[in-house]
Amino acid sequence: MTNPLLKVEDVGIQFGGLKAVSGLNMELFSGELVGLIGPKGAGKTTSFNMLTGVYKPTKGTIVFDGKDTKKLSPHKITKSGVSRTFQNIRLFKELSVIDNVKVANHSLAKHSIVSSIFRLPMHFKGEEKMEMESLEFLKIFGLDRYKDELSKNLPYGMQRRLEIARALAAGPKLLLLDEPAAGMNPEETAELMDLISLIREKSDLTILLIEHDMGLVMGICERIYVLDHGQLIADGTPEEIRNDPKVIEAYLGGEVTE
Ligand SMILES: Nc1ncnc2c1ncn2[C@@H]1O[C@H](COP(=O)(O)OP(=O)(O)OP(=O)(O)O)[C@@H](O)[C@H]1O
């Protein structure tokens, strides 16, 4: 059996008296698209912050791509192949759309994942190469027509897409998406689902997705982890999760519906 790309073992973090996450175990294998769900305050974003090194766990170990991340700075963790998006959009607002991607794509050409997904033209050099690659990249996301717009002027759904494009341009092995559909209308959400599925199909990128939109999570994830009050209460296929009594209970006794 192959080694997991990410292995989270008995990880916990405490803020003062609050155990925000405890006893978290998780394994992600190359190419998987996995959901991380749970009610508000369950510890999902805190888990992302530990995976990216922004918070250091007070307990347990996180091994990414064979390396214990404990002593690595957030920057080193990013460099080793972990990219993320944020619940609240964090673009370079005063930069153009294409510059937002260029900032991230200094390492674009080196990463086979990007070229394998997007079949970028390889015959350009230097600045021209960067420009062409970034443009090809934007096309995939339907963002090329906005290329010279300041990112702050994009429609909301497009800003969300640009965040994902920028995270991907860094050439990650693991992409962490924190509520990518937040604030999107149903049409934008459906398009986003298609986009994530496309990325998943065309590459061996591993994706961990936090999302409150159950239709999206259940529709595209192969497996799902469920947190409640900082504890992992279930993991399994969408079908298993939908029918798990503990999960139904955690969601205020309501049904986990699509
Ligand atoms: N830096 C911090 N200091 C103190 N408490 C924190 C800190 N970060 C998170 N928490 C607390 O940890 C708990 C988990 O928060 P977290 O943001 O991870 O939840 P979440 O599952 O992402 O929730 P949501 O769905 O609302 O985004 C909450 O009680 C939160 O207030």
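What is the handedness of the crossing of α3 and α6? The tour through this predicted model comes to that pair of helices after a stop at the ligand, and it ends at two residues with unusual backbone angles.

Begin by selecting the ligand together with the residues that surround it, which are Phe15, Leu18, Ala20, Gly38, Lys40, Gly41, Ala42, Gly43, Lys44, Thr45, Thr46 and Gln87. Two elements, β2 (18-28) and α1 (44-51), each give two or more residues to this shell, and α1 gives the most, with 3 residues. If you colour the shell by residue class, you should find 4 nonpolar, 6 polar and 2 charged residues.

Next, select helix α6, residues 156-169, whose 14 residues reach 20 Å from the first C-alpha to the last, close to the 20 Å expected at 1.5 Å a residue. Because 11 of those 14 residues are buried, α6 is largely enclosed by the rest of the structure. The buried set in α6 includes charged side chains such as Arg160, Arg161, Glu163 and Arg166, and among its other members are Met158, Leu162, Ala165 and Leu168. Just after the end of α6, stop at glycine 171, which takes a positive phi of about 70°.

Keep α6 displayed and add helix α3, residues 97-104, which is mostly covered, with 6 of its 8 residues buried; these are Val97, Ile98, Asn100, Val101, Lys102 and Ala104. Two packed helices are described by the angle between their axes and the distance between the axes. For α3 and α6, the axes come within 7 Å and cross at roughly 30°, and the two helices are therefore roughly parallel to each other, since angles under 35 degrees are counted in that way. As for the opening question, the crossing of α3 and α6 is right-handed.

For the last stop, select aspartate 10 and glutamate 179, neither of which is a glycine, although aspartate 10 has a positive phi of about 50° and glutamate 179 likewise has a positive phi of about 50°. Aspartate 10 has its place in strand β1, residues 6-15, whereas glutamate 179 lies in the loop between β7 (174-178) and α7 (186-202). Which of them is buried and which is exposed? Aspartate 10 counts as exposed because it has 12 C-beta neighbours inside 10 Å, while glutamate 179 is buried, with 20 other C-beta atoms within 10 Å.

Methods: Residues numbered from 1 in each chain as written. Predicted model: local features only at pLDDT ≥ 70, side-chain atom pairs only at ≥ 80, totals over all residues. Near = placed C-beta within 6 Å. Helix = DSSP H or I, 4+ residues; strand = E, 2+ residues; numbered from the N terminus. Expected span 1.5 Å × (residues − 1). Axes fitted to C-alpha atoms, helices over the stretch in contact; angles between N-to-C directions. Parallel < 35°, antiparallel > 145°, perpendicular 65-115°, else oblique. Left-handed = near helix turned anticlockwise from the far one by under 90°.
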